[in-house]
Amino acid sequence: MSISLVHNILRHYGIYGGQHDQHFLVDEGILDRIVESADIVPGEVVLEIGAGIGNLTQRLLHLADKVVAIEFDPKLVAVLEDRFRGNDKLHIIHGDVLKVEFPIFDKVVANLPYSISSEITFKLFKHDFKLGILMYQYEFAQRMIAKPGSGDYSRLTVNTAYFADASIIMKVPKGVFSPPPQVESAVVKVCPRPAPFTVTDKDFFLRFVTAIFNKRRKKIKNSIVESNHMLGISNVKQVVSGLPEELMELRPENLDPAQLAALSNMILAMHQES
Ligand SMILES: C[S@@+](CC[C@H](N)C(=O)[O-])C[C@H]1O[C@@H](n2cnc3c(N)ncnc32)[C@H](O)[C@@H]1O
């Protein structure tokens, strides 16, 4: 779709963009590469979050059996309804992505609203799907794939490593959006898979990761004790004194996801014994 056609649609429907993370991707080449990366085969159901004026949606509809497009702006929902009227492969959900129930889907392909990237990503990780091709703010994408010990290594990194293999497949400049955002973007490929390390209790592990990264500047022994209101370990000081001393002196950001999982398994076992 040419940029002038996009501008005509925006003008016609009185949409100005810029608010609610509304930056429409108008570069044909990048739209094509995003959809090609999703490797959609017949029979698949694709979820699109924040469908906007339907630039990605149009391409997804060519390949998928069904596209479920979530969009919360009524003006944009009207554009989607007009643009794809009569196409029964499209199901539009008019609502807030954080509140609506996701359908069962095979793949998720989206140029996300950046201000709620974190909430959307954690919501997606609660679902079962084959592949995600997701556009994020570049810094957010870097945090998803950060290395232990780096400033970007965070709760998000560990959750991502637990649920999926993730990689940045494309860096995307501001100028390919209308209106352009203030930040650079990146497309992340998310391939869900079983965790490559053992976790005895998923809920406890995820709570443990959230708790200790809340106190990421503290030594692990202190971050566990100070965030125990989230963990509920009885005799927490005694449990901590029984954990490997060399790990307790490190900060949460220095442990890789497998080491964090091992620690959470140990704590749980000691908590259950006591
Ligand atoms: C970056 S734009 C992407 C638009 C379109 N997919 C494209 O690539 O051109 C993000 C879209 O998410 C929508 N959006 C923002 N917050 C949302 C929310 N909480 N729930 C659903 N959609 C939302 C915006 O209205 C906008 O259409």
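Where is the place of Ser178? Ser178 sits in strand S8, which covers residues 177–178. The model is predicted.

**Overall picture**

The protein chain holds 13 helices and 9 strands. Its C-alpha atoms fill a box of roughly 65 × 35 × 30 Å along the principal axes. The chain has 274 residues, and 37% of them count as buried. Among contacts in the chain with a separation of 6 or more, 60% come from residues 24 or more positions apart.

**Two domains**

The domain assignment gives domain 1 (3–192) and domain 2 (202–273). Their C-alpha centres lie 35 Å apart. Domain 1 puts 9 residues into the contact, and domain 2 puts in 10 residues. The side of domain 1 that touches domain 2 can be sorted by class: 5 nonpolar, 3 polar and 1 charged residues.

The shell around the ligand can be sorted in the same classes.

| Set of residues | Nonpolar | Polar | Charged |
|---|---|---|---|
| Side of domain 1 that touches domain 2 | 5 residues | 3 residues | 1 residue |
| Shell around the ligand | 11 residues | 7 residues | 4 residues |

**The ligand**

How many residues surround the ligand? There are 22, and the closest are Phe24, Gly50, Gly52, Asn111 and Pro113. Three elements give two or more residues to this shell: strand S1 (24–25), helix H3 (55–63) and strand S3 (66–71).

**The nonpolar core**

In soluble globular proteins, nonpolar side chains tend to be buried together. Here the largest nonpolar core has 74 residues. Val108, Val109, Leu134, Tyr136 and Val188 have the most contacts inside it. Helix H8 (residues 202–214) gives the most to this core, with 6 residues. Domain 1 (3–192) and domain 2 (202–273) both supply residues, so the core lies between them.

Val188 shows some of these links. Setting aside neighbours within four places in sequence, Val188 is in contact with Leu134, Tyr136, Ala141, Met144, Ala166 and Ile168.

**Back to Ser178**

Is Ser178 buried or partly exposed? Ser178 is partly exposed, because 19 other C-beta atoms lie within 10 Å, while a buried residue needs 20 or more. Residues up to four places away in sequence aside, Ser178 touches Ile3, Val6, Gly17, Phe24 and Val26. One of these, Phe24, is also among the residues closest to the ligand. Gly242 is another matter. Its C-alpha atom is separated from that of Ser178 by 57 Å, and the two residues are 64 residues apart along the chain.

Note on methods. Residues are numbered from 1 along each chain as its sequence is written. This is a predicted model: local features need pLDDT of at least 70, side-chain atom pairs count only at pLDDT 80 or more; totals for chains, interfaces and linings use all residues. A residue is near a molecule or strand if its C-beta atom, placed from the backbone, lies within 6 Å of it. Helices (H or I, at least four residues) and strands (E, at least two) are DSSP runs, numbered from the N terminus. Ala, Val, Leu, Ile, Met, Phe, Trp, Tyr, Cys and Pro count as nonpolar, Asp, Glu, Lys and Arg as charged, and the others, Gly among them, as polar. A residue is buried if 20 or more other C-beta atoms lie within 10 Å of its own, exposed if 12 or fewer, and partly exposed in between; C-beta atoms are placed from the backbone. Two residues are in contact if their C-beta atoms, placed from the backbone, lie within 7 Å. A nonpolar core is a set of buried Ala, Val, Leu, Ile, Met, Phe, Trp, Tyr and Cys residues joined through C-beta atoms within 7 Å. Domain bounds come from an automatic or database domain assignment.
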